[in-house]
Amino acid sequence: MDSSRSAQRPVIQFLRAEGEHASQIYRKMKKVYGEQCLARCSIFRWCQRYEAGRVNIKDLPRPGQAHVVTNSATISDVDDLIRQSRRITTREIAVELSISKRTAHHIIHKELGYGKVCAQWVPKHLSENRKTARMGVCLTQQFLH
């Protein structure tokens, strides 16, 4: 049985439409859902909303800064900017793409795996080609000494 909040709201809506009082709904739901049951005050609040004519069981959007989802287009734009200029800053990327500095930082470090070395963005993990090239340089250096 799904005991998530979104699964309990239709139950509240149904029982309220049947004429059950909020306290009766709480007792019935507590028996069925146990510890996973919504809080008593939440059930009363949803009952009031349904009595006022609300039919939607989903949360309404809240005010505040919109959550920006990092999509593949934004990630590739950030990667392109870094490849154009390895010395570009997180702030400059954020301004250029109209995203927050935090989002730019997340994309650079978590999505693309870049880190700053000597004020330049470099990949943290080497590709197989780069590993082979470095091994070749190391081996030639070893034979020179």
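1. Glutamine 24 is found in helix 2 of this predicted model. With a relative accessible area of 34%, glutamine 24 is partly exposed, because buried would require under 20% and exposed over 50%. A polar atom of the glutamine 24 side chain lies 2.9 Å from the backbone nitrogen of histidine 21.

2. Alanine 22 also belongs to helix 2, which covers residues 22–33. Its relative accessibility is 7%, so alanine 22 counts as buried. Leaving out residues up to four places away in sequence, alanine 22 touches Ile43, Phe44 and Cys47. Isoleucine 88, by contrast, is 66 residues from alanine 22 in sequence and 58 Å from alanine 22 in space, C-alpha to C-alpha.

3. Glutamine 8 sits in helix 1, residues 5–17. Glutamine 8 has 0% relative accessibility and therefore counts as buried. What does the side chain of glutamine 8 reach? The partner is the backbone oxygen of glutamine 36, at 2.8 Å.

4. On the domain level, the assignment for the chain gives domain 1 as 5–52 and domain 2 as 72–111. Taken over C-alpha atoms, the centres of domain 1 and domain 2 are separated by 46 Å. The bounds come from an automatic or database assignment, and a reader may wish to keep that in mind.

5. Helix 4 (residues 72–84) packs with helix 6 (residues 101–111) at an angle of about 80°, and their axes are 10 Å apart. That makes helix 4 roughly perpendicular to helix 6, because angles of 65 to 115 degrees are put in that class. On the helix 4 side the contact is made by Thr74, Ile75, Val78 and Ile82. On the helix 6 side the residues are Ile107, Ile108 and Glu111. Sorted by class, the contact of helix 4 with helix 6 has 5 nonpolar residues, 1 polar and 1 charged.

6. Aspartate 79 is placed in helix 4 as well. Is aspartate 79 buried or exposed? Its relative accessibility is 15%, so aspartate 79 counts as buried, the cut-off being under 20%. Apart from neighbours within four places in sequence, aspartate 79 is in contact with Leu112 and Tyr114. With tyrosine 114 there is a polar contact, side chain to side chain, at 2.7 Å. Aspartate 79 and isoleucine 93 are 14 residues apart along the chain, and their C-alpha atoms are separated by 9.9 Å.

7. Serine 98 lies in the loop between helix 5 (90–97) and helix 6. The phi of serine 98 is near 55°, a positive value in a residue other than glycine. Most residues other than glycine have a negative phi. The relative accessible area of serine 98 is 67%, so serine 98 is exposed, the cut-off being over 50%.

8. To pull the accessibility points together: glutamine 8 counts as buried at 0%, alanine 22 at 7% and aspartate 79 at 15%. Glutamine 24 is partly exposed at 34%, whereas serine 98 is exposed at 67%. As for side-chain polar partners, glutamine 8 reaches the backbone oxygen of glutamine 36, glutamine 24 lies by the backbone nitrogen of histidine 21 at 2.9 Å, and aspartate 79 pairs with the side chain of tyrosine 114.

Note on methods:
Residues numbered from 1 in each chain as written. Predicted model: local features only at pLDDT ≥ 70, side-chain atom pairs only at ≥ 80, totals over all residues. Heavy atoms only, no water. Axes fitted to C-alpha atoms, helices over the stretch in contact; angles between N-to-C directions. Helix = DSSP H or I, 4+ residues; strand = E, 2+ residues; numbered from the N terminus. Parallel < 35°, antiparallel > 145°, perpendicular 65-115°, else oblique. Contact = heavy atoms within 4.5 Å. Nonpolar A, V, L, I, M, F, W, Y, C, P; charged D, E, K, R; others polar. Buried < 20%, exposed > 50% of the residue type's maximum accessible area, 1.4 Å probe, protein only. Polar contact = N/O pair within 3.5 Å; in protein donor to acceptor, adjacent residues only side chain to side chain.
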